[in-house]
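Work through the exercises below with the sequence and the coordinates at hand. Each task is followed by a solution in steps.

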Amino acid sequence: MNKRIFSYLDIFKSNKISSRRLAEGLKKSGSLGPIALEFKTLLYMLQDIKNKKYSINKVDLCTIIGIVAYVVSPIDSIPDILPILGFTDDTALVVWGMKKFHDIIFEYKIWKNCKEN
């Protein structure tokens, strides 16, 4: 497995992706339009994983952390300062993630609903 992918997991576990960064992600998610709700679900899932309330396999976790880190990072392929274009790469990555992790996200939503009721 690529060491770089697992470095995301190490960063996540060492709390370098802080609650503040996740909160920034929630704030930034509004710019993702119709997929904002799904991106927020990823952020909530990461918070529950970080708090050891929920778990998924490490490879999927590393990929999801990578997606979130890319979206919340101010440095990416197309700077977010550019109107409309700045969020196209973020949106494309989130859409890809939603398709790839559809089943995981669905299972998380069921778990979350059962936990809250």
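## Exercise 1: a loop residue

Task: F101 lies in the loop between α5 and α6; determine whether F101 is buried or exposed, and which residues F101 touches.

Solution. Start with the conventions. The model is predicted, with local features needing pLDDT of at least 70 and side-chain atom pairs counting only at pLDDT 80 or more, while totals for chains, interfaces and linings use all residues. Residues are numbered from 1 along each chain as its sequence is written, and side-chain values use heavy atoms, with hydrogens and water left out.

Step 1. Apply the burial cut-offs: buried is under 20% relative accessible area, exposed is over 50%, and partly exposed is in between, with a 1.4 Å probe and protein chains only. F101 has a relative accessible area of 2%, so F101 is buried.

Step 2. List the contacts, meaning heavy atoms within 4.5 Å. Leaving out residues up to four places away in sequence, F101 touches D60, T63, I64 and I67.

Step 3. Compare sequence and space for one pair. F101 and I64 are 37 residues apart in sequence, and their C-alpha atoms are 8.5 Å apart.

## Exercise 2: the elements and the core

Task: Count the helices and strands of the chain, then state which helix gives the most residues to the largest nonpolar core.

Solution. Step 1. Take elements as DSSP runs, numbered from the N terminus: helices are H or I with at least four residues, and strands are E with at least two. The chain has six helices and zero strands.

Step 2. Define a nonpolar core as a set of buried Ala, Val, Leu, Ile, Met, Phe, Trp, Tyr and Cys residues joined through side-chain atoms within 4.5 Å. The largest one has 22 residues, and F39, L42, M45, I56, I64, V68 and V94 have the most contacts inside it.

Step 3. Assign this core to helices. At least two of its residues come from each of α3, α4 (58-72), α5 (85-100) and α6. α4 gives the most, with seven residues.

Step 4. Put burial on the scale of the chain: 38% of the 117 residues are buried.

## Exercise 3: two helix pairs

Task: Classify the packing of α3 with α4 and of α3 with α6.

Solution. Step 1. Fit axes to C-alpha atoms, over the stretch in contact for helices, and take angles from 0 to 180 degrees between N-to-C directions. Angles under 35 degrees are roughly parallel, over 145 roughly antiparallel, 65 to 115 roughly perpendicular, and the rest oblique.

Step 2. α3 and α4 pack at about 125° with axes 11 Å apart. α3 is therefore oblique to α4.

Step 3. In this pair F39, L42, L43, M45, L46 and I49 of α3 meet L61, I64, I65, V68 and V71 of α4. With Ala, Val, Leu, Ile, Met, Phe, Trp, Tyr, Cys and Pro as nonpolar, Asp, Glu, Lys and Arg as charged, and the others, Gly among them, as polar, the contact has eleven nonpolar, no polar and no charged residues.

Step 4. The axes of α3 (residues 36-50) and α6 (residues 102-116) come within 11 Å and cross at roughly 65°. α3 and α6 are therefore roughly perpendicular to each other.

Step 5. α3 uses E38, T41, L42, Y44, M45 and D48 here, and α6 uses I104, I105, Y108, K109, W111 and K112. The classes are seven nonpolar, one polar and four charged residues.
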